[in-house]
Amino acid sequence: MAIDLRSDTMTQPTPEMKQFMCQAVLGDDVWGEDPTILAFQEEVAKLLGKEAALFLPTATQSNLIAIMSHCQRGEEYIVGNEAHCYRWEAGGAAVLGSVQPQPISFEADGTLDLQKVAGAIKPDDPHFAISRLLCIENTQGGKVLPLDYIKEARVLCNKNELKLHMDGARLFNASVFLKTSVGKIAEHVDSVTLCFSKGLGCPAGAMLVADRELIKRALRWRKILGGAFRQGGILAAAAQYALAHHVEGLDEDHKNATLLAEGLRSLEDPRIRVTNSATNMVFIEIEPSLNGPLQSFAKEHGLLLSMGTELRLVTHRDVNRQMIERAITIFQKSLSQTLAASSSEKGLY
Ligand SMILES: *Cc1c(COP(=O)(O)O)cnc(C)c1O
């Protein structure tokens with residue numbers, strides 16, 4: 001099997017997960033009759049310490065629905081400039097919700113500076129959109145937000161009548177890293193997005209968790225966006241299985257990411273620089289001349305990498321420790337190969 005470090009979305013459902021999915025009792029969820037979805041929504045709401053939850057196809061849709069349920073047309077959400085729900089969701093909130101994003105830059109630790117957030121909140125003046133919502137991301141590029149920070153963000157939101165949404169697509173990574181429950185991490189936010197198709201290993205599925213009133217509005221937006229399932233319990237069962245069996249393993253992913261970062265650093269090659277490593281992600285910068293040859297060489301040897309000079313390497317349950325060690329060796333071989341190639345090229349001139 002290829003060592004696929006491009007994303008933790010590459011995880012395949014296990015035979016056990018598939019078997020569990022097959023046994024799920026199903027019904028039409030649009031009619032509120034899928035017992036598996038209903039039970040799972042309740043289970044997750046409880047886990048997060050919130051009143052209600054809504055099962056959705058993707059975390060992208062969950063974030064969009066959260067924004068559209070918190071904000072009216074002409075209002076705005078304050079968000080990180082690299083946040084998934086600003087940069088990586090095709091502008092959905094603006095396109096479909098008429099909700100304006102107010103991006104501000106992330107700090108190095110994945111937080112938004114709360115003073116900058118405060119400065120971005122608009123006064124009540126017809127020139128401005130109405131600031132309504134603050135979106136934070138946890139983990140952000142693998143980085144885990146400090147619990148105190150989330151609490152401070154809540155205080156700021158209360159002071160300014162903002163709602164607080166957490167894009168917790170990888171919240172379970174944060175939970176395992178902090179050895180703290182997801183409920184505790186989400187204690188101070190109004191709504192949370194969870195994603196089951198990343199490191200948790202499901203084929204699809206996400207959840208929006210909040211109070212009953214917000215979830216009621218979310219239900220209508222889900223219908224409008226075409227995200228309502230019929231016998232979706234087959235997917236909820238996968239997520240239910242993942243929460244029972246795949247959460248602990250995230251710790252292994254984090255250890256593997258650390259191992260990978262250390263291995264790449266120990267190559268001591270100036271053409272490849274580890275810029276950051278957090279939970280299940282390692283970020284590297286490669287010399288422009290390596291972009292292309294490195295990935296081709298790696299692919300030939302069974303290691304899949306993204307293109308670009310700034311690469312994100314993601315560990316997950318389909319990559320074990322041995323595969324990480326092999327990946328480091330492939331990097332090493334690739335570097336000596338490309339070095340040999342470039343010196344023989346130079347020899348021609
Ligand atoms: C992947 C991701 C999403 C979107 O998840 P999908 O289920 O693929 O739509 C949202 N937020 C963050 C932080 C993500 O990493």
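This is a short walk through a predicted model, starting at its ligand and ending at two details of the backbone.

Let us begin with the ligand. If you look for the largest pocket, you will find the ligand sitting in it. Around the ligand there are 13 residues, and those that come nearest are A59, T60, D167, R170 and K198. By character, the shell is made up of 5 charged residues, 5 polar ones and 3 nonpolar ones. Which helix gives the most to this shell? That is helix α3, which spans residues 59–70 and supplies 3 residues.

Now take a closer look at some individual contacts. T60 places a polar side-chain atom 2.6 Å from an oxygen atom of the ligand. R170 also reaches an oxygen atom of the ligand, with a polar side-chain atom 2.9 Å away. For D167, the partner is a nitrogen atom of the ligand, and the distance from a polar side-chain atom is 2.6 Å. How much of the ligand does the protein bury? Taken alone, the ligand exposes 380 Å², and the protein buries 86% of that.

From the pocket we can turn to enclosed space. Rolling a probe the size of a water molecule over the atoms shows where empty space is left. In this structure there is 1 cavity of 30 Å³ or more, and the space in the largest cavity comes to about 30 Å³. Its lining is formed by A169, F172, N173, C195, K198, G199, L200 and L250. Sorted by character, that lining has 5 nonpolar residues, 2 polar ones and 1 charged one. You may recognise K198 here: it helps line the largest cavity, and K198 is also among the residues that come nearest to the ligand.

Finally, let us follow the backbone itself. Most residues other than glycine have a negative phi, and most peptide bonds are trans. With that in mind, two places are worth finding in the model. One is the peptide bond that joins N138 and T139, which is cis, with omega at about 0°. To locate T139, go to the loop between β5 (130–137) and α7 (147–159). The other is A90, which is not a glycine and yet has a positive phi of about 55°. You can find A90 in the loop between α4 (84–87) and α5 (92–97).

Notes: Residues are numbered from 1 along each chain as its sequence is written. This is a predicted model: local features need pLDDT of at least 70, side-chain atom pairs count only at pLDDT 80 or more; totals for chains, interfaces and linings use all residues. Side-chain values use heavy atoms; hydrogens and water are left out. A residue is near a molecule or strand if one of its heavy atoms lies within 4 Å of it. A polar contact is a pair of N or O atoms within 3.5 Å; within protein, one must be able to donate a hydrogen and the other to accept it, and residues adjacent in sequence count only if both atoms are side-chain atoms. Accessible areas come from the Shrake-Rupley method with a 1.4 Å probe; for residues, only the protein chains shown count as cover. On a 1 Å grid over the protein atoms alone, a cavity is a set of points where a 1.4 Å probe fits but cannot get out, and a pocket is an open set with protein on both sides within 12 Å along at least five of seven lines; lining residues have an atom within 4 Å of a point. A molecule sits in a cavity or pocket if more than half of its atoms lie within 2 Å of its grid points. Helices (H or I, at least four residues) and strands (E, at least two) are DSSP runs, numbered from the N terminus. Ala, Val, Leu, Ile, Met, Phe, Trp, Tyr, Cys and Pro count as nonpolar, Asp, Glu, Lys and Arg as charged, and the others, Gly among them, as polar. Grid points are joined across faces, edges and corners, and a volume is the space filled by probe spheres set on the points.
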